[in-house]
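Reader: Let's go through this one feature by feature. Give me the general idea, then the case at hand.

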Amino acid sequence: MKLLSQTQAEAQASQLATLARDCLIDEARLSPKPGLVDSRGNGAHQDLTLALMERSAHSLAPTFLALARHSWQRPADIALRETVGRLGRDGEQQMMAATGGVNTHRGAIWALGLLVSAAAMHGGAASADPLTRTAAALASLPDRAAPKLFSKGLKATHRYRVPGAREEAQQAFPHVMKLALPQLLISRAVGASESEARLDALMAIMTSLSDTCVLSRAGMAGLTAMQHGAQAVLLAGGCRTAGGKLALAQLDRRMLALNASPGGAADLLAATLFIDRVCSPEHTYF
Ligand SMILES: CC(C)(COP(=O)(O)OP(=O)(O)OC[C@H]1O[C@@H](n2cnc3c(N)ncnc32)[C@H](O)[C@@H]1O)[C@@H](O)C(=O)NCCC(=O)NCCS
Ligand SMILES: Nc1ncnc2c1ncn2[C@@H]1O[C@H](COP(=O)(O)OP(=O)(O)OP(=O)(O)O)[C@@H](O)[C@H]1O
């Protein structure tokens with residue numbers, strides 16, 4: 001690990017926070033995303049808009065900065081886990097204050113918050129495997145101060161006996177590492193535009209995620225429709241092809257008809273973009 005002066009470390013912590021915020025904005029603007037808020041509109045949501053998502057993303061930059069500063073070159077232990085938990089919950093309050101009480105980014109604060117901390121623990125940058133394993137180690141430690149809430153996500157994981165946001169992080173983000181990042185690289189390599197490659201990465205996540213946002217609003221039928229619809233897009237050749245575009249539009253209509261919105265998949269896309277940019281060998285980030 002490189003030893004940096006305090007000023008360099010502070011500059012890198014600040015870059016990590018800016019990057020996390022930018023990944024949230026890039027995810028929100030990416031279009032057309034099935035059922036989700038995007039540049040076209042509100043998707044399946046009554047209370048969310050793109051402007052609100054962007055305001056929320058900006059409100060979270062100080063939280064990401066605090067996470068990076070407090071995690072800088074520290075090991076994964078209970079003291080850090082509890083600090084990160086407190087900062088994450090403070091971030092949720094910042095988000096709620098910025099949005100007038102609407103949950104725009106709870107799942108995203110969790111996933112990106114852990115990844116920002118993990119990057120800082122590695123001194124600003126690491127390759128994707130160690131980065132996600134460090135985030136998983138942190139997510140697996142107990143946090144005595146965590147409130148015992150029976151959240152919507154927890155209810156869905158119990159009712160349908162599936163993993164949720166906690167397990168995804170504790171297992172080192174398998175949907176990002178095994179599906180989204182490889183798909184992003186393949187789609188870029190075959191000539192997809194950057195937006196098409198990102199949409200393909202989202203589809204790759206949606207083929208398999210047990211997204212508790214979808215389960216809560218549309219049950220197992222909604223989740224199956226999401227997974228099959230995303231598979232159809234990729235089987236047609238992805239979002240750069242005419243067949244893929246048709247399948248994507250069909251999936252969007254289906255998700256809207258079911259009132260389903262894959263918010264968990266969207267969070268993991270933001271996490272994918274973050275890892276892609278922090279870990280890329282030719283990154284121009286630092
Ligand atoms: C773990 C979290 C996300 C709570 O998850 P829970 O499953 O209990 O349900 P909740 O309905 O509140 O939020 C779940 C959110 O996760 C996302 N999500 C849904 N399904 C999935 C999935 N399968 N994988 C990943 N993310 C998912 C969605 O955005 C969803 O809205 C989180 O809010 C939390 O506990 N934070 C505590 C603060 C903390 O320790 N932070 C540390 C890092 S900053
Ligand atoms: N572009 C996006 N559109 C919609 N949700 C997104 C988007 N990006 C990320 N999300 C994630 O989806 C979650 C919001 O999902 P949802 O609206 O199901 O939550 P809720 O407010 O708890 O539920 P409900 O809207 O059913 O009352 C957020 O935690 C956020 O992290």
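Reader: Is Asp252 buried or exposed?

Author: Two ground rules come before the answer. This is a predicted model, where local features need pLDDT of at least 70, side-chain atom pairs count only at pLDDT 80 or more, and totals for chains, interfaces and linings use all residues. Residues are numbered from 1 along each chain as its sequence is written, chains are lettered from A and ligands numbered from 1 in the order in which they are written, and side-chain values use heavy atoms, with hydrogens and water left out.

Author: Now the idea. Buried means under 20% relative accessible area, exposed means over 50%, and partly exposed is in between, with a 1.4 Å probe and protein chains only. Asp252 has 11% relative accessibility, so it counts as buried.

Reader: Where does Asp252 lie, and which residues does it touch?

Author: Helices are DSSP runs of H or I, at least four residues long, and strands are runs of E, at least two; both are numbered from the N terminus. Asp252 lies in helix α12, residues 242-257. Contact means heavy atoms within 4.5 Å. Leaving out residues up to four places away in sequence, Asp252 touches Lys33, Pro34, Gly35 and Arg40.

Reader: How many residues surround ligand 1?

Author: A residue is near a molecule if one of its heavy atoms lies within 4 Å of it. For ligand 1, 30 residues meet that test, and the closest are Ser151, Gly153, Ser210, Thr212 and Asp267. Sort the shell by class next. Ala, Val, Leu, Ile, Met, Phe, Trp, Tyr, Cys and Pro count as nonpolar; Asp, Glu, Lys and Arg count as charged; the others, Gly among them, count as polar. The shell around ligand 1 has 10 nonpolar, 11 polar and 9 charged residues. Helices α4 (78-99), α5 (106-121), α7 (152-160), α8 (165-170), α11 (212-235) and α13 (263-279) each supply at least two residues of that shell.

Reader: What polar atoms of Asp267 and Thr212 lie by ligand 1?

Author: A polar contact is a pair of N or O atoms within 3.5 Å; within protein, one must be able to donate a hydrogen and the other to accept it, and residues adjacent in sequence count only if both atoms are side-chain atoms. A polar side-chain atom of Asp267 lies 2.4 Å from an oxygen atom of ligand 1. From Thr212, a backbone N or O atom lies 3.0 Å from a nitrogen atom of the ligand. Glu92 places a polar side-chain atom 3.3 Å from an oxygen atom of ligand 1. The protein covers 90% of the 910 Å² of accessible area that ligand 1 has on its own. Such areas come from the Shrake-Rupley method with a 1.4 Å probe; for residues, only the protein chains shown count as cover.

Reader: Which residues are closest to ligand 2?

Author: Its shell holds 20 residues, and the closest are Glu27, Thr104, Arg106, Lys152 and Asp267. By class, the shell divides into 7 nonpolar, 7 polar and 6 charged. Asn103 has a polar side-chain atom 3.2 Å from an oxygen atom of ligand 2. A backbone N or O atom of Arg106 lies 3.0 Å from a ligand oxygen. For Asp267, a polar side-chain atom lies 2.6 Å from an oxygen atom of ligand 2. The protein covers 85% of the 630 Å² of accessible area that ligand 2 has on its own. Two or more shell residues come from each of α5, α11 and α13.

Reader: Why is Cys279 in no bond with Cys23?

Author: A disulfide is a covalent bond between the sulfur atoms of two cysteines. The test here is a pair of cysteine sulfur atoms within 2.5 Å. The sulfur of Cys279 is 11 Å from the closest cysteine sulfur, in Cys23, so it is too far for a bond. A search of the whole structure finds 0 disulfides. Cys23 is buried, at 0% relative accessible area. Cys279 is buried too, at 18%.

Reader: Which residues of α2 are buried?

Author: Helix α2, residues 50-59, is mostly covered, with 7 of its 10 residues buried. They are Leu50, Leu52, Met53, Glu54, Ser56, Ala57 and Ser59. Their cover includes α1 (6-29), α3 (61-71) and α4.

Reader: Where is the place of Pro32?

Author: Pro32 is in the loop between α1 and α2. The peptide bond from Ser31 to Pro32 is cis, with omega near -5°.
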